[in-house]
Amino acid sequence: MREWCKLLKDIKNNKDEFAKLIEYMNPLINKYVRLLYKDEAEDTREELILALWESVLKINYCNNDGECFSYINNALKNKFLELYRKSKKRHDFQYTSDFEEISENSISIMSSSPSEFSDMIFREDLKLLLAQNDKRKRQLSLQILLDDKSDAEIAKTFKISRQYVNRVRKNLYNILKKYYSEES
């Protein structure tokens, strides 16, 4: 068992001892880096190491090893959660802007109504409803709505099961049905 109190005191006296702490905490740091796969791994790793360093500097007392480890562990966890929230916001914004780039032609194929105004309303409603999904599910939903393909063909394209495509199709139709029945 590592002596965390002694290690933290050694780090405060000799900054070179910090490498030992990084080595001990490396499995947890690597776990958090893997969980934030959408961002640059090296940047995330450096942010977590910086949080580790700040936690060592901020810890005022070391009563026992459990408290020290818990403090360091919570500091890394809090930094991970902060990075995760930032990453989620950034990627959600990116997905919505990616969705805006979908060509108007592909969405206009769906509407068969002669009214230009109702087509525009339907396109905007569809954008809002699909923007709530992640990129892959949006693409799958567009394939379901736009292409005259069977579930098996769509499943083969996305390399997923036919049952999943069917479930997404049913959910999509139920959402559209519910959305338009509530408006009436």
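Helices in these views are DSSP runs of type H or I with at least four residues, and they are numbered from the N terminus. The model is a predicted one.

**View 1. Trp-4, Tyr-24 and Phe-69 belong to one aromatic cluster.** Across the structure there are five aromatic pairs. In the pair formed by Trp-4 and Tyr-24, the ring centres lie 6.0 Å apart and the planes stand at 70 degrees, so the arrangement is edge-to-face. Because Trp-4 sits in helix H1 (residues 4–13) while Tyr-24 sits in helix H2 (residues 18–35), the pair ties together parts of the chain that are 20 residues apart in sequence. Trp-4 has a relative accessibility of 7% and therefore counts as buried, whereas Tyr-24, with a relative accessible area of 30%, is partly exposed.

**View 2. The rings of Tyr-32 and Phe-80 form a stacked aromatic pair.** Their centres are 4.6 Å apart, with 15 degrees between the planes. This pair also links distant parts of the chain, since Tyr-32 belongs to helix H2 and Phe-80 to helix H4 (residues 65–100), with their positions 48 residues apart. Tyr-32 and Phe-80 are both buried.

**View 3. The second largest pocket of the model has a volume of about 180 Å³.** The residues that line this pocket are Glu-47, Leu-50, Ala-51, Glu-54, Ser-55, Lys-58, Tyr-71, Asn-74, Ala-75, Asn-78, Lys-79 and Glu-82. Helix H3 (41–58) and helix H4 are the elements that each give two or more residues to the lining. Sorted by class, the lining consists of four nonpolar, three polar and five charged residues. Among the lining residues are Glu-47, Lys-79 and Glu-82, which appear again in View 6.

**View 4. Helix H8 (residues 151–158) has four residues named as buried, namely Asp-151, Ile-154, Ala-155 and Phe-158.** These residues cover an arc of only 100 degrees around the axis, which puts them on the same side of H8. Just after the helix comes Lys-159, whose phi is positive, near 60 degrees.

**View 5. A salt bridge joins Arg-169 to Asp-151, with the closest N and O atoms 2.6 Å apart.** Here again distant parts of the chain are linked, as Arg-169 lies in helix H9 (residues 162–183) and Asp-151 in helix H8, 18 residues apart. Arg-169 is buried, with a relative accessible area of 16%, and Asp-151, with a relative accessible area of 14%, is buried as well.

**View 6. Glu-47, Lys-79, Glu-82 and Lys-86 are joined into one network by salt bridges that share partners.** A search of the whole structure finds six salt bridges. One of these is formed by Glu-47 and Lys-79, in which the closest N and O atoms are 3.3 Å apart; it links distant parts of the chain, with Glu-47 in helix H3 and Lys-79 in helix H4, 32 residues apart. Glu-47 is partly exposed, having a relative accessible area of 30%. Lys-79 has a relative accessible area of 16%, and because buried means under 20%, Lys-79 counts as buried. Lys-79 also meets the side chain of Glu-82 in a salt bridge, at 3.6 Å from N to O. In contrast to the link between helices H3 and H4, Glu-82 and Lys-79 both lie in helix H4, three residues apart, which is about one turn of the helix. Glu-82, at 27% relative accessibility, counts as partly exposed.

**View 7. The C-alpha atoms of Lys-77 and Leu-48 are separated by 9.0 Å.** Along the chain, Lys-77 and Leu-48 are 29 residues apart. Lys-77 is found in helix H4, and with a relative accessibility of 42% Lys-77 counts as partly exposed. Helix H4 also holds Phe-80 of the stacked pair in View 2, as well as Glu-82 and Lys-79 of the network in View 6.

Technical notes:
Residues are numbered from 1 along each chain as its sequence is written. This is a predicted model: local features need pLDDT of at least 70, side-chain atom pairs count only at pLDDT 80 or more; totals for chains, interfaces and linings use all residues. Side-chain values use heavy atoms; hydrogens and water are left out. Buried means under 20% relative accessible area, exposed over 50%, partly exposed in between (1.4 Å probe, protein chains only). The arc is that of the directions from the helix axis to the C-beta atoms. Rings of Phe, Tyr and Trp (its six-membered ring) pair if their centres lie within 6.5 Å; planes under 30 degrees apart count as stacked, over 60 as edge-to-face and the rest as tilted. On a 1 Å grid over the protein atoms alone, a cavity is a set of points where a 1.4 Å probe fits but cannot get out, and a pocket is an open set with protein on both sides within 12 Å along at least five of seven lines; lining residues have an atom within 4 Å of a point. Grid points are joined across faces, edges and corners, and a volume is the space filled by probe spheres set on the points. Ala, Val, Leu, Ile, Met, Phe, Trp, Tyr, Cys and Pro count as nonpolar, Asp, Glu, Lys and Arg as charged, and the others, Gly among them, as polar. A salt bridge is a side-chain nitrogen of Lys or Arg within 4 Å of a carboxyl oxygen of Asp or Glu.
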